[in-house]
Structure formats: structure tokens, C-alpha cells
Amino acid sequence: MSLGSSLFNARKKSGLSQEEVAEKLGVSRQTISKWELDETLPDIWQSKRLAGLYHVTVDELIDFDADVKEIEQVIARTSEKTEQKIDWTKMWGKKYPVLTTYQEKVDIGHYAAALEELLQSLKTSYGYNDLDAMLVLKDILSHIWQGK
């Protein structure tokens, strides 16, 4: 995505018009339009002010993805009560079908004992509760999978 598209999407997400942004930055509406059309670029000072206006960091503004930002906001606003109503395996299984079918093939008991031992170790050694221990173990597995 180009910087102009990022600027456009971030502005729209913020609910501001080009005129409103121009007024707040002390530039013309045409300048905002040129930035959003990739005809010119804002300088670093204006980029920082734009990021502040749009409630994102400069890095986020450069790589702004409206869909990712929206997902992040939905996650942040989701209550624990709502989270407990969601069948996460079923939801993620729509994207990754293996999550809904592996139980038929994999000897879960074989892996469960070793994983339970790791969870217990995390809880005992670091004082994590059940959820935090599971999240830490999941993150460790993710790092291993990604080769980090």
C-alpha cells in the first residue's frame, strides 16, 4: 500500500475530511489531496502531526492497514464475557481446517501429558495462572515454528 493510500485510509478511519485535516495542519486542502494521491509527500514534521491527528504512530501511518487496525480495535474492545461465548477452534478452523479435523488423527493424549508438564512448570516457576501459562507456551511454540 502506498503512503498516499495509507494517509487516505487513516484519515477516513479517523472520520476527518481533507478540509478538517488541512485546517489543523495549516496547509491547503489541495496539499492533503496531493499527499493522498501520492503526487507529493508530507515532510517528517507533517507526518508526525498527521500520525497524532489519526491516533497512530508514524510507523503505523507508513504501513497503515485499515483492516488490521479495525481487527486490533475489535480485540481491544471485546469483553471477557463475549470471548467465552466464542468457539475459537471453530472460528479459526474456518481459516485453518486442520484445527477442526486433527482430533480424528492425532493421539492427543500422547502430547497432552508433555504439554501439561510444561504448563505446570510455567505456573510453578513463574507464578502464571492457567491462561497466562497457556499463552506463554503458545507464544514459545510460535517462536520455534518461525525459527526465532
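This passage describes selected helices, loops and residues of a predicted model.

Helix α3 spans residues 29-36 and includes Glu36, and Thr31 is found in this helix as well. The two residues fall into separate classes of accessibility: Glu36 has a relative accessible area of 9% and is therefore buried, whereas Thr31, with a relative accessible area of 23%, is partly exposed. When residues up to four places away in sequence are not counted, Glu36 touches Gly4, Ser5, Leu7, Phe8, Arg11 and Gln18. For Thr31, the C-alpha atom is separated by 9.1 Å from that of Leu41, which lies ten residues apart from Thr31 along the chain.

Two residues in loops take a positive phi although neither is a glycine. Asp38, placed in the loop between α3 and α4 (44-53), has a phi of about 60°, and its relative accessible area of 38% means that Asp38 is partly exposed. His55, placed in the loop between α4 and α5 (58-62), likewise has a positive phi of about 60°, but with a relative accessibility of 67% His55 counts as exposed.

Further along the chain, helix α10 comprises 19 residues, from 108 to 126. From the first C-alpha of helix α10 to its last, the helix reaches 26 Å, which is close to the 27 Å expected at 1.5 Å a residue. Just after α10 comes Gly127, for which a positive phi of about 75° is found.

Technical notes:
Residues are numbered from 1 along each chain as its sequence is written. This is a predicted model: local features need pLDDT of at least 70, side-chain atom pairs count only at pLDDT 80 or more; totals for chains, interfaces and linings use all residues. Side-chain values use heavy atoms; hydrogens and water are left out. Helices (H or I, at least four residues) and strands (E, at least two) are DSSP runs, numbered from the N terminus. Buried means under 20% relative accessible area, exposed over 50%, partly exposed in between (1.4 Å probe, protein chains only). Contact means heavy atoms within 4.5 Å. The expected span of a helix is 1.5 Å times one less than its number of residues.
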